[in-house]
Amino acid sequence: MNDDRRLEFLKLFEKLISVMTFPDRFVREELVDALRNLSKFFRLSKGTTEFFRSISDEKSGVGEILTDYDEGPADFIAHQRRIVSPMGTVCKVTLYMSNDEKRLSEEEIAHLDVVARSLISFVTRNRLSNAVDRLSFYDEDNYPNLRYFFRHIERISDRNALFGNTLIVINCRQFALINRDIGRAAGDIVLRRYYEIFEDTLGDKGLICRVGGDSFTILCENDMVNDITRLIEGIPVTYDEEHEKRVMVSSCAGVYPLPADISPEHPGEIFGPVYALSQEAKLELGQPILYVNRAYSEEREKAAHIRHRFLEALENAEFQAYYQPKVDVRDGRIIGAEALCRWFENGKLIPPGDFIPVLEQNMDICLLDFYMLEMVCRNMKNWMDKGKDLVRVSVNLSRKNLIDADLLKRIVDRIDFYKIPHDKIEIELTETKTEVEFNRLKTVVTGLQEAGIWTAVDDFGVGYSSLNLIREIPWNVLKIDRCLLPVEGDSEEVTRLMFRHVAAMANDMGLKCVAEGVETKEHIELMKENGCPIAQGYYFDRPLPIEEFEKRLLKGFYELDK
């Protein structure tokens with residue numbers, strides 16, 4: 001090569017390097033143009049670049065093969081360079097010439113090798129960068145993941161353009177049942193098509209990514225929210241077009257219209273609350289879509305205050321046991337009571353509906369349950385020491401306690417510490433939601449029965465109580481929820497019918513029957529007519545502080561003719 005050709009090569013090579021070393025302004029057409037000019041310079045007829053993710057992929061021919069220059073017969077290989085990266089990827093550049101062209105000199109081959117190695121370096125780096133990007137921003141099923149979503153939010157936030165958008169987190173409802181009924185493979189098809197329906201609906205007005213499992217998060221323009229919520233409420237999804245098989249898929253969701261002053265330092269600041277809300281929506285049977293608004297923010301502040309103060313409140317004895325009498329409707333005798341928790345903070349009553357659900361979100365409720373059991377046992381010990389007759393007192397126990405392997409022992413030990421007769425304590429438990437919980441509940445109730453401690457299934461008739469709950473578990477008491485007591489304006493005849501059959505079933509099974517929420521004379525008559533002898537409710541008394549309850553016990557009965 002003479003000096004002029006060397007200078008020409010350097011200019012062409014400098015152009016190639018310039019295109020490849022500025023990825024932020026990379027233009028593929030410029031790269032192809034630079035390679036074409038170098039190919040012409042070296043009298044090449046064709047050039048190919050091959051990239052394989054592994055050596056085995058190379059052997060099987062599974063990879064990416066690009067031919068950016070093909071201007072004549074490829075009669076022989078003029079030069080070839082193959083490199084295997086430390087990660088096992090293979091990149092190969094093959095350059096061809098026509099028999100009509102003059103063969104390359106050793107100096108030209110050396111220069112051409114520099115071009116080939118530079119091109120391999122660029123391709124390998126670019127492909128590995130894409131692979132890392134996919135590993136970072138896509139999950140194993142090739143859905144864009146939460147990192148992808150956060151990056152999207154950060155870019156919009158950087159332009160101060162979050163306002164006017166709504167953040168949504170959705171959880172498919174009962175998707176485990178879909179997988180069970182149609183199979184996991186078909187379930188995967190349903191999930192993918194469900195995702196694609198949202199993606200197609202959003203178009204360029206939003207983005208959907210998978211949080212994990214059957215949960216997704218969406219950021220969309222506000223005018224898309226109605227369309228998205230319609231999809232959330234339920235749509236048919238086809239998984240077998242040949243046989244026209246499809247399933248209905250619906251979701252629960254948390255929805256957060258982003259305010260004008262939104263300026264998060266990290267996307268997690270806005271994602272966290274709406275994700276938590278989507279989890280709450282799972283539990284809201286009648287309200288599967290919940291919105292982040294001022295009321296929700298206030299509720300979160302209240303919940304944070306409760307969690308912050310709870311342990312201190314326990315130490316300060318701010319929780320008190322109130323007793324609601326259980327009354328025999330046949331003669332008005334007080335035959336027992338339910339201990340209910342009341343929290344007085346600085347003399348002000350915090351309603352149970354404000355703090356019990358918050359404590360149920362973690363294991364704090366278990367501490368409160370045993371605090372109440374302790375208080376009830378202490379009060380009953382005091383009554384015994386004063387020579388008073390005991391009535392059976394029931395104490396509520398949250399399902400959260402079922403994970404405690406020593407639960408049965410802890411209950412018995414507490415009762416025995418105060419020397420309370422076992423048959424004077426009744427433990428109330430509600431229905432469970434999983435087979436594992438059910439089996440554990442059965443073990444605990446059976447153990448309590450063997451210890452002579454009474455047990456009651458609470459709130460029977462609310463939610464989706466299974467008959468297995470009373471068929472397989474040896475309860476003493478069935479407490480009929482207030483929803484089965486008729487009130488004016490509802491379907492009274494249907495409710496009466498349900499009450500009659502539940503009471504009859506309890507009696508036939510040898511269970512004591514207690515009705516909660518008894519408020520009217522009509523309720524009392526209904527109970528008498530259907531063999532449900534024990535009432536608990538405002539007809540007789542609200543939950544009472546211990547001093548007032550002791551006065552009721554001293555009298556021993558209520559007048560029935562009100």
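# A tour of one cavity, one pocket and two buried residues

Begin by selecting Leu-35, Ser-39, Gly-47, Leu-95 and Leu-119, which lie nearest the centre of the largest cavity, a space lined by 17 residues. As you look, keep in mind that this is a predicted model. Next, colour helix 2 (28-41), strand 1, strand 2 (64-70), strand 4 (90-97) and helix 4 (106-137), since each of these elements gives two or more residues to the lining of the largest cavity. Among the contributors, helix 4 gives the most, with four residues. The lining of the largest cavity divides into 12 nonpolar residues, four polar ones and one charged one, and the space within amounts to about 180 Å³. A search of the whole structure finds one cavity of 30 Å³ or more.

Stay with strand 1, which covers residues 46-52, and select Glu-50 within it. Which residues is Glu-50 in contact with, once its neighbours within four places in sequence are left aside? Show Glu-64, Ile-65, Val-90, Cys-91, Lys-92 and Thr-94 to see that set of contacts. Glu-50 is buried but has no salt bridge, and the nearest side chain of opposite charge, that of Lys-92, is 4.1 Å away. Because a salt bridge is counted only within 4 Å, the 4.1 Å between Glu-50 and Lys-92 does not qualify.

Now move to the second largest pocket, which holds about 270 Å³ of space. Of the 18 residues that line this pocket, select Ile-335, Arg-392, Trp-454, Lys-512 and Ile-534, which are the closest to its centre. Then colour strand 12 (319-328), strand 13 (334-345) and strand 19 (512-516), each of which supplies at least two residues of the lining of the second largest pocket. Strand 13 gives the most to that lining, with three residues. If you colour the lining of the second largest pocket by class, you will find nine nonpolar residues, one polar residue and eight charged residues.

For the last stop, show helix 12, which spans residues 364-385, and select Asn-379 in it. Is Asn-379 buried or exposed? Asn-379 counts as buried because its relative accessibility is 16%, and the cut-off for buried is under 20%. To see what surrounds Asn-379 beyond its neighbours within four places in sequence, add Ala-321, Tyr-323 and Ile-546, with which Asn-379 is in contact.

Methods:
Residues are numbered from 1 along each chain as its sequence is written. This is a predicted model: local features need pLDDT of at least 70, side-chain atom pairs count only at pLDDT 80 or more; totals for chains, interfaces and linings use all residues. Side-chain values use heavy atoms; hydrogens and water are left out. Buried means under 20% relative accessible area, exposed over 50%, partly exposed in between (1.4 Å probe, protein chains only). Lys and Arg count as positive and Asp and Glu as negative; His and the chain ends are not counted. Contact means heavy atoms within 4.5 Å. On a 1 Å grid over the protein atoms alone, a cavity is a set of points where a 1.4 Å probe fits but cannot get out, and a pocket is an open set with protein on both sides within 12 Å along at least five of seven lines; lining residues have an atom within 4 Å of a point. Grid points are joined across faces, edges and corners, and a volume is the space filled by probe spheres set on the points. Ala, Val, Leu, Ile, Met, Phe, Trp, Tyr, Cys and Pro count as nonpolar, Asp, Glu, Lys and Arg as charged, and the others, Gly among them, as polar.
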